[in-house]
Amino acid sequence: MDENAQTPMKGAVRDAISEQIKHELYSSYLYLSMAGSFKVANLSGFAHWMRKQSEEEREHAMKFFDFLLDRGEHVQLLSIDQPPYTFRSPLDTFEQALEHEKEITSHIHQLYDLSVQEKDYPVQVLLNWFVAEQVEEESSATEIVERLRMAGEDSAALLLLDKEMGER
Ligand code: MG
């Protein structure tokens, strides 16, 4: 058996997936930071939601990591930036989360374009899941932003939303 029997991956595609692993792990880091900030503000429901979100992002990174390993690639992990540490309000936090998810969507779409250009069909199959997932991510973040805007300065409405977020 030839040890290089697998269909080789183009370096540009592999490097872009390594970048995407970094983006997903940064997402996990960012949401963990947001979870901590909510906990300090005694908004345990929001903190719980963000902690779950952070765990999900790590799973996204692992999907790409395992995919590279399945393709016989040795994965080089990149440095992850420090996320913001303080946030002005729950609304500010979720507005930042929504903006972040829009950036992630654009990275996923760029990666898709590259995989089409390089004719890497397995990457396109993997990315189909992520394209759909990003629609969900933007939709849920948008809904929470809208509901926080509706709650405004009403702390009873905020606490009710916090309770609901805790049920995730
Ligand atoms: Mg993600």
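Let's start with a word we'll need throughout: a residue is called buried when its relative accessible area is under 20%, exposed when that area is over 50%, and partly exposed in between, using a 1.4 Å probe and the protein chains only. What you're looking at is a predicted model, so local features need a pLDDT of at least 70 and side-chain atom pairs count only at pLDDT 80 or more, while totals for chains, interfaces and linings use all residues. Residues are numbered from 1 along each chain as its sequence is written, and side-chain values use heavy atoms, with hydrogens and water left out.

With that in hand, try the loops. Asn42 sits in the loop between helix 1 and helix 2; helices here are DSSP runs of H or I with at least four residues (strands are runs of E with at least two), numbered from the N terminus. With a relative accessible area of 63%, Asn42 is exposed. Its phi is positive, about 60°, although Asn42 is not a glycine. Lys119 tells a similar story in the loop between helix 3 and helix 4: its phi is near 55°, again positive in a residue other than glycine. Lys119 counts as exposed because its relative accessible area is 59%.

Step from Asn42 into helix 2 and you meet Ser44. At 37% relative accessibility, Ser44 is partly exposed. If you set aside neighbours within four places in sequence, Ser44 is in contact (heavy atoms within 4.5 Å) with Lys39 and Asp162. The side chains of Ser44 and Lys39 are also joined by a polar contact of 3.4 Å. That term means a pair of N or O atoms within 3.5 Å; within protein, one must be able to donate a hydrogen and the other to accept it, and residues adjacent in sequence count only if both atoms are side-chain atoms. Ser44 and Lys163 are 119 residues apart along the chain, yet their C-alpha atoms are separated by 8.1 Å.

Now for the metal. The magnesium ion is coordinated by Glu24 (OE), Glu57 (OE) and His60 (ND1), at 2.1 to 2.2 Å. Glu24 lies in helix 1 (residues 11-40) and Glu57 in helix 2, so the pair ties together parts that are 33 residues apart in sequence. Along the chain, the donors follow the spacing E-x32-E-x2-H. Donors are N, O and S atoms within 2.8 Å of the metal (3.2 Å for Na, K and Ca), and since water is not among the atoms, sites may look incomplete. Glu24 is buried at 0% relative accessibility, and Glu57 is buried at 1%.

Another buried residue is Arg71, with a relative accessible area of 13%. You'll find Arg71 in the loop between helix 2 and helix 3. Its side chain makes a polar contact of 3.1 Å with the side chain of Asp120. Beyond four places in sequence, the contacts of Arg71 include Gln6, Pro8 and Val123.

Finally, is there any empty space inside, and what lines it? Here, the count comes to one cavity of 30 Å³ or more, with a volume of about 60 Å³. A cavity is a set of points, on a 1 Å grid over the protein atoms alone, where a 1.4 Å probe fits but cannot get out, and lining residues have an atom within 4 Å of a point. Grid points are joined across faces, edges and corners, and the volume is the space filled by probe spheres set on the points. Among the residues lining the largest cavity are Tyr31, Trp49, Phe94 and Glu137. Helix 2 (44-70), helix 3 (90-117) and helix 4 (121-151) each supply at least two residues of that lining.

Conventions:
1 Å grid on protein atoms, 1.4 Å probe; cavity = no way out; pocket = protein on both sides within 12 Å on 5 of 7 lines; lining within 4 Å.
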